[in-house]
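Please walk through this protein–DNA model with the text below. Keep the sequence and the 3D view open side by side.

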Protein chains: 2
Amino acid sequence: MSNESKGRPPTIYDVAALAGVSHQTVSRFVKGHTNIRPEIRDRVESAVKALDYKPNGAARALATSRGNRIGALVYELMEVGPNKIIHGASIRAREAGYLLDIVSLDPNDDAAIVQAIGLINQHDLAGVMVFAPTDRVIDAVGRVRFTVPVHVESDMPPQGSATPAANEVGAGMLMDHLAALGHRRFFQIAGPPDWPSARARAAAYDSALENLADTTTSAGTVHGDWTAASGYRAAMEMPLDAGVTALVVGNDQMALGALAALGERGVRVPNEVSVVGFDGIPESEFYRPSLTTIRLDLEGLGASAIDRLLSMGVEAAAPTPAVPAPPRLIVGHSTAAPGA
Amino acid sequence: MSNESKGRPPTIYDVAALAGVSHQTVSRFVKGHTNIRPEIRDRVESAVKALDYKPNGAARALATSRGNRIGALVYELMEVGPNKIIHGASIRAREAGYLLDIVSLDPNDDAAIVQAIGLINQHDLAGVMVFAPTDRVIDAVGRVRFTVPVHVESDMPPQGSATPAANEVGAGMLMDHLAALGHRRFFQIAGPPDWPSARARAAAYDSALENLADTTTSAGTVHGDWTAASGYRAAMEMPLDAGVTALVVGNDQMALGALAALGERGVRVPNEVSVVGFDGIPESEFYRPSLTTIRLDLEGLGASAIDRLLSMGVEAAAPTPAVPAPPRLIVGHSTAAPGA
DNA sequence: CGGGATCGAGTTACCGGTAACCTAGAGGGG
DNA sequence: CCCCTCTAGGTTACCGGTAACTCGATCCCG
């Protein structure tokens with residue numbers, strides 16, 4: 001499948017020799033320098049083409065001491081959410097001429113976290129992104145002396161960022177939707193408490209309850225681990241005699257588990273209990289009943305994270321910064337007025 | 001969040017100066033060379049620690065002309081499957097001291113494919129992996145002159161590989177399961193025909209029909225695009241008057257869509273029609289009815305792909321090559337004897 | 001006790017680019 | 001018409017490692 005010619009790949013010196021110019025002229029050409037006579041430019045251009053010259057990234061990185069890669073720390077649990085973020089980030093990074101170095105973290109193994117960070121912390125990176133981390137990861141990252149810009153995407157509004165986090169907004173939209181339908185008694189199945197994004201959603205749940213009519217109350221909150229299995233368990237143990245009519249779940253997978261559990265317990269959705277999820281994964285439309293949820297623009301989020309990272313470096317800011325689409329409420333058949 | 005000291009990060013020369021030795025000695029120490037006097041070794045070691053020295057990957061890559069990264073081309077559709085493969089590959093690569101450079105491909109844009117390949121090829125990589133590609137991607141990759149080993153993981157048994165592909169085995173297990181229950185009339189919703197893994201599964205479906213009792217027949221095959229929505233559409237249009245009792249679906253997401261469609265059409269699963277999926281994603285246990293499917297060890301697959309790639313290079317083969325677990329049949333409530 | 005093998009460490013060149021400096025002409029203004 | 005500036009391109013040094021070669025001190029053995 002692979003294919004080689006005689007020896008090493010061509011260098012600028014090879015190109016220079018073939019074109020009859022100095023290597024520096026080739027370097028200038030490759031970088032798109034303008035002050036080159038058309039005649040010389042043509043010679044270099046055809047030499048580049050003839051040799052199929054490709055610049056050596058390592059040499060460039062060494063000379064400029066500025067890498068062409070962005071390290072990305074991702075959580076081991078590669079659920080759908082983090083993935084889409086990575087995908088958006090990867091596309092965006094490539095547009096800016098960078099490659100994404102991904103390192104999967106095992107969240108339960110501190111040593112592995114440290115090792116992974118050590119691996120990523122070589123000097124040839126343009127920056128480091130930390131995606132959807134847990135507190136433990138944030139901690140570990142915070143203790144490391146990085147030599148490059150680091151951006152931690154924690155889903156929490158960082159140091160007074162202007163745009164409110166999508167998590168808060170989305171959770172608020174769900175609560176408004178449920179309240180408008182007439183629900184007054186809620187129960188929450190939240191994500192793991194050491195995930196900032198789970199906390200953000202849970203906090204929005206709490207504050208929505210406070211801001212809504214004071215007759216709205218919560219029958220409690222339990223924490224799952226994002227998986228459908230944990231949502232199932234939580235919903236199996238959820239009190240049914242507390243008058244709860246609305247179940248707020250931290251993501252769509254757990255909501256799927258909850259739907260299954262409620263079905264087994266003979267609770268009809270949405271007639272007796274309404275269920276909402278979070279993330280808006282494509283599958284949620286095909287759950288039965290189809291899920292009311294919040295669609296997040298996760299790819300946009302990943303892209304904008306890259307933009308923010310790049311703007312931290314000397315790099316000129318992206319011409320058109322990516323702006324994630326705002327969270328959108330998807331209304332399915334899992335919500336209805338209580339007792340409909 | 002980041003943290004800097006005075007200037008550039010320390011180099012071997014800094015360490016050498018502090019330890020009072022030559023830079024070469026430091027280099028030897030870092031590489032774990034044995035022939036160093038204990039006294040000198042200690043001096044170097046403490047100097048390394050004092051300066052928090054980390055080798056510069058770019059310089060090393062330049063000097064050895066051997067990168068410490070593996071490029072990974074992944075399909076844009078980051079469904080659950082490809083993801084887990086990537087995750088497994090990433091872990092394995094890190095164990096071997098490599099980082100994974102991931103490049104997401106837009107499958108519909110040939111120019112983007114070429115550009116992505118160009119990007120990955122111009123950088124200094126130890127090798128390139130191509131995961132779960134479509135024919136189009138395989139084609140594009142095949143035309144490129146790579147300077148490093150390339151491994152294409154196409155889910156098809158390559159040049160007579162000894163281990164039969166998991167896809168064939170798994171699909172066969174599903175067919176056996178259905179046949180043993182007494183099903184004779186099948187229908188298939190396959191993945192996109194330009195995906196080798198989809199073709200492998202479909203081919204196994206066909207050959208199983210041939211090998212089973214000659215009374216078993218197929219009422220047809222349609223192709224989806226791996227998404228739940230496409231599974232839904234396909235199942236909505238599937239003929240119901242052809243006596244089909246078994247619906248074989250190319251992955252779990254499409255199977256979810258098919259379950260929803262059958263529900264809407266008033267077809268009871270599994271009483272009237274049995275449904276099987278493929279992949280064994282965790283959520284499939286919580287579909288209603290829970291899905292009979294094949295659990296693939298995708299992470300193991302990714303890891304072994306990395307092993308194979310590394311063994312193509314000069315690199316000594318991994319001490320303990322990763323062996324993916326064999327496909328496993330997960331029996332849910334979506335299958336039963338026909339007319340049960 | 002002398003000569004070759006071995007060991008530990010230093011010296012130097014080189015990987016393939018970029019940056020800074022330098023130079024020979026061309027062009028322009030007083 | 002001369003001097004200055006600007007332009008196009010070449011020269012040289014350097015980024016931070018590794019590899020190859022060198023050299024003095026031991027060590028071993030005949």
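The paragraphs below take the DNA contacts, then the sheets, then the cavities.

This is a predicted model, so local features need pLDDT of at least 70 and side-chain atom pairs count only at pLDDT 80 or more, while totals for chains, interfaces and linings use all residues. Residues are numbered from 1 along each chain as its sequence is written, chains are lettered from A and ligands numbered from 1 in the order in which they are written, and side-chain values use heavy atoms, with hydrogens and water left out.

Start at DNA strand C. A residue is near a strand if one of its heavy atoms lies within 4 Å of it. By that rule, 28 residues surround DNA strand C. The closest are Gln24(A), Ser27(A), Thr25(B), Asn35(B) and Ile40(B). Of the strand C atoms that come within 4 Å of the protein, 59% belong to sugar and phosphate.

Now look at single contacts. A polar contact is a pair of N or O atoms within 3.5 Å; within protein, one must be able to donate a hydrogen and the other to accept it, and residues adjacent in sequence count only if both atoms are side-chain atoms. Gln24(A) reaches a base: an N or O atom in its side chain is 2.4 Å from a base nitrogen of DNA strand C. Ser27(A) goes to the backbone of the DNA, with a polar side-chain atom 2.3 Å from a phosphate oxygen of DNA strand C. Ile12(A) uses a polar backbone atom, 2.7 Å from a phosphate oxygen of DNA strand C.

Which elements build this surface? Helices (H or I, at least four residues) and strands (E, at least two) are DSSP runs, numbered from the N terminus. Near DNA strand C, α1 (12-19), α2 and α4 of chain A and α2 and α4 of chain B each supply at least two residues. α4(A) gives the largest share, five residues. By class, the surface has 12 nonpolar, 11 polar and five charged residues. Here Ala, Val, Leu, Ile, Met, Phe, Trp, Tyr, Cys and Pro count as nonpolar, Asp, Glu, Lys and Arg as charged, and the others, Gly among them, as polar.

Turn to DNA strand D. It has 28 residues around it, and Thr25(A), Asn35(A), Ile40(A), Gln24(B) and Ser27(B) come nearest. Sugar and phosphate make up 60% of the strand D atoms that come within 4 Å of the protein. A polar side-chain atom of Ser27(B) lies 2.3 Å from a phosphate oxygen of DNA strand D. For Arg60(B), a polar side-chain atom lies 3.2 Å from a phosphate oxygen of this strand. Asn56(B) uses a backbone N or O atom, 3.4 Å from a phosphate oxygen of DNA strand D. Here the largest share of the surface, five residues, comes from α4(B).

Next, the sheets. Two strands pair if DSSP finds at least two bridges between them. Eight strands from both chains form an open sheet in the order β4(A)-β3(A)-β1(A)-β2(A)-β2(B)-β1(B)-β3(B)-β4(B), with mixed pairing. Its edge strands are β4 (150-153) of chain A and β4 (150-153) of chain B, and each pairs on one side only. Within chain B, β1 (69-75) and β2 (99-105) pair in the parallel sense over seven bridges. Val74(B) stands opposite Ser104(B) in β2(B).

Chain B also has an open sheet of four strands, β6-β5-β7-β8, with parallel pairing. The edges are β6 (217-223) and β8 (274-276). Four bridges join β5(B) to β7(B). Gln188(B) has Val248(B) in β7(B) as its bridge partner.

That pair leads to the cavities. On a 1 Å grid over the protein atoms alone, a cavity is a set of points where a 1.4 Å probe fits but cannot get out; lining residues have an atom within 4 Å of a point. Grid points are joined across faces, edges and corners, and a volume is the space filled by probe spheres set on the points. There are five cavities of 30 Å³ or more. The largest has a volume of about 120 Å³. Of its 16 lining residues, Gln188(B), Arg201(B), Val248(B), Val249(B) and Gly250(B) are the closest to its centre. α9(B) gives the most to this lining, with four residues. The lining has 12 nonpolar, three polar and one charged residues.

The second largest cavity holds about 80 Å³ of space. Its lining has 13 residues, and Gln188(A), Arg201(A), Val248(A), Val249(A) and Gly250(A) lie nearest its centre.

Definitions and conventions: On a 1 Å grid over the protein atoms alone, a cavity is a set of points where a 1.4 Å probe fits but cannot get out, and a pocket is an open set with protein on both sides within 12 Å along at least five of seven lines; lining residues have an atom within 4 Å of a point.
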